[in-house]
Amino acid sequence: MSRIPLRARVGLALLVGLGLLSLVAGRLFPEALASTCPLGMDPTRPDRTVCELAFGGLWVSLAVGLAAGALSTFIGLAVAAVARLSGGAVEQTLLRAVDAVFALPDVLVVMVLQLAGQSLSDAGAGGGLGPFGLMVVSLALVGWAGPARMFRNRLATLESQEYVAASRALGGGGLHLLRVHLWPALRPFALAVFLSRLPAAILTESTVSFFGIARMEPMSLGRYLGTSYAALIYEGGGRVVLPAWALLVLLVLGASLASQALSGPPRRVT
């Protein structure tokens, strides 16, 4: 019987706790949060409290990370499955494309995609994505290569198992093997890959938003930090910036702990 590692439980607890906190405080009861915020008003936005902006940004950053992580994981899995099912020259061509995308600097490419997408939106040809959708698609376009390589390697390992070889010898086709034998064994690994994309997606979005490239509205944690650093010139300005930094660190830490623990070999108790 397998046991979930302690690191994974801590990481998942952090993610779930921050998600529920951002949902309740930032989305369901923002008025109650504003009236009870111990940190006071944001000096750069006198009509909003620090708690409103921090927890609202936490909700947006988490939503972007989850959506981009899911989309990049799905694309990576699809590319890996096509590569393994096709084999030969098709697989090698896809792997070369994966290596080429993986070598690109994520932050710079996302900046370029954001600027290009915003220019198309201003020209009326943005496809209705909006700032949130544009950010998710941009992160997925630069983030699918890592999952594709990991899924391809894991599929190659699973295909060498005896039960898969026996099913193939009995006439099982590629799609049958993938659906019946490979996918059930791949699901826990897919969860780990998905969680591994969360910190990368959140940090990339935060970096791009911090520099003012992305037009995330409502503001994510990165955009909030990028537009609030001027509060440091005021007395006690640290109370404005530090909560958002702390939430961002906890969010990335939770996803990192969970993904690292779940991607390792399962522990078994007898």
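Leaving aside neighbours within four places in sequence, Leu-251 is in contact with Leu-15, Leu-18, Leu-58, Ser-61, Leu-62 and Ile-202. The model described here is predicted. Leu-251 also belongs to the largest nonpolar core, where Leu-251 is one of the residues that touch the most other members. A search of the whole structure finds seven salt bridges, and three of the pairs are described below, after the core and helix 7.

**The largest nonpolar core**

- This core holds 30 residues, and those touching the most other members are Phe-55, Leu-58, Tyr-224, Leu-247 and Leu-251.
- Two or more residues of the core come from each of helix 1 (6–28), helix 3 (50–86), helix 9 (174–210), helix 10 (221–228) and helix 11 (238–263).
- Helix 11 gives the largest share, nine residues.
- Leu-58, another of the residues with the most core neighbours, is among the contacts of Leu-251.

**Helix 7**

- Helix 7 covers residues 145–159, and its 15 residues should span 21 Å at 1.5 Å a residue; the end C-alpha atoms are 21 Å apart, so the expected and modelled spans agree.
- The buried residues of this helix are Ala-145, Gly-146, Pro-147, Ala-148, Phe-151, Arg-152, Leu-155, Leu-158 and Glu-159.
- An α-helix has 3.6 residues a turn, so residues three or four places apart point the same way.

**Salt bridges around Glu-91**

- Side chains of opposite charge can pair when their charged atoms come close.
- Glu-91 and Arg-84 meet through their side chains in a salt bridge, with an N to O distance of 2.8 Å.
- Glu-91 also forms a salt bridge with Arg-152, in which the closest N and O atoms are 2.9 Å apart.
- Because Glu-91 lies in helix 4 (residues 88–102) and Arg-152 in helix 7, this pair ties together parts that are 61 residues apart in sequence.
- Arg-84, Glu-91 and Arg-152 are thus linked in a network of salt bridges.
- Glu-91 has a relative accessible area of 6% and is buried; Arg-152, at 18%, is buried as well, whereas Arg-84, at 23%, is partly exposed.

**A further link between helices 4 and 7**

- Arg-149 and Asp-99 form a salt bridge whose closest N and O atoms are 2.7 Å apart.
- Arg-149 lies in helix 7 and Asp-99 in helix 4, so the pair ties together parts that are 50 residues apart in sequence.
- Arg-149 is partly exposed, with a relative accessible area of 26%, and Asp-99 also counts as partly exposed, at 32%.

Conventions
Residues are numbered from 1 along each chain as its sequence is written. This is a predicted model: local features need pLDDT of at least 70, side-chain atom pairs count only at pLDDT 80 or more; totals for chains, interfaces and linings use all residues. Side-chain values use heavy atoms; hydrogens and water are left out. A nonpolar core is a set of buried Ala, Val, Leu, Ile, Met, Phe, Trp, Tyr and Cys residues joined through side-chain atoms within 4.5 Å. Buried means under 20% relative accessible area, exposed over 50%, partly exposed in between (1.4 Å probe, protein chains only). Helices (H or I, at least four residues) and strands (E, at least two) are DSSP runs, numbered from the N terminus. Contact means heavy atoms within 4.5 Å. The expected span of a helix is 1.5 Å times one less than its number of residues. A salt bridge is a side-chain nitrogen of Lys or Arg within 4 Å of a carboxyl oxygen of Asp or Glu.
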